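Let's take a walk through the empty spaces in this protein and see what surrounds them.

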Amino acid sequence: MKKYILKRLLIAILTFFCITVLVYVLASFAPGSPVEMIMAGTSNMTEADVARLEEQLGLDRPVYIQYLLWLKNIVSGNFGTSYRTMRPVLEMVSERIVPTLILTVTAMVLAVIMAVPLGILAAYKPYSIWDSLSSIFAFIGAAMPNFFAAMIMIYIFSIQLKILPTSGMYNAGETDGVGSLIRHLTMPVIALMLQYVGIYMRHMRSSMLEVLGDDYIRTARAKGLKEKVVIFNHAFRNALIPLVTQVGLSLPALIGGAIITEQVFSWPGMGTLMVQSINYRDYPTIMGITALMAAFVLIGNIAIDLIYGVLDPRVSRK
């Protein structure tokens, strides 16, 4: 098991390196530069001022040197200073990371909690009316983009019914309050999780149908075990493995969907900060957010691998 975890950690480190290299190169090739954004609205800057500013920001060096310096700093815990706000990147990101985690973790947990029982019921009574209705729901959920679902909910619950707020994390003038947080969180979470409920439910259904047809399930029923015991003690654990795989594969898409959802609902998370930083060519902030998001996804996938070992002990011996 230790060798397996070590192998996964080494792969995660290599993947992290590749992701950061790719993002840094793509950001450097984007039209415009941080200096141009800083100079916007300023007409009295000379070429000497521009050259001095580029030297101060380190933009006069080749891209690979800039990346290596960034990598050296981030290893020591220094995420750099934002070009846009001149604040430490780590300080800015730390203010936004909690709202993003609240949104994404809540959406993920609720999607799994809803999808698992719905998938089990659909598999237990295949081709029934319930199975057909769940298939329709899964198809709509999987096919509907989260921004489209967000716009529909805003129109219904905010504009027409006026029962849910359209933006922010708390009411105006508030910085905490569970009731206010839940009201503001409801629509972003539903918009983000709706697609994954459908995907997870179909995976759970197909996996459960396959397991229920295995010989050991027929043997358990032949022994006279209660149906609940057969379903939850024998079939459920093995049926979870494909769902766990799908949850791990959907982590990057979930993070990407959170960026769009945060924009639609003005949720004060890392996604909103990322879009602002891209618009201003704020390379240190872009890279800081990318590094943290990549780390979360990679750590999440390692956790998924460890869950495999719990569900199937054979994995721990590989």
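## Two pockets and their walls

Three helices, α3 (47–57), α4 (63–75) and α12 (283–311), each put at least two residues into the lining of the largest pocket. Keep in mind that you're looking at a predicted model. Of those contributors, α4 has the largest share of that lining, with four residues.

So much for the helices; now the residues themselves. The lining of the largest pocket adds up to 18 residues, and the ones nearest the pocket's centre are L57, N73, G80, Y83 and P284. If you sort this lining by character, you get ten nonpolar residues, eight polar ones and no charged ones. The space inside comes to about 390 Å³.

Now on to the second largest pocket, which holds about 230 Å³ of space. Which elements give two or more residues to its lining? They are α5 (89–124), α10 (227–264) and α12, so you'll meet α12 again here, having seen it at the largest pocket. The top contributor to the second largest pocket is α5, which gives five residues.

If you want to pick out this wall in your viewer, select L101, T104, V105, M108, V109, L251, L254, I255, F296, V297 and G300, which line the second largest pocket. How do these residues divide into nonpolar, polar and charged? Nine are nonpolar, two are polar and none is charged. The lining of the largest pocket has no charged residues either.

Technical notes: Residues numbered from 1 in each chain as written. Predicted model: local features only at pLDDT ≥ 70, side-chain atom pairs only at ≥ 80, totals over all residues. Heavy atoms only, no water. 1 Å grid on protein atoms, 1.4 Å probe; cavity = no way out; pocket = protein on both sides within 12 Å on 5 of 7 lines; lining within 4 Å. Points joined across faces, edges and corners; volume = space filled by probe spheres on them. Nonpolar A, V, L, I, M, F, W, Y, C, P; charged D, E, K, R; others polar.
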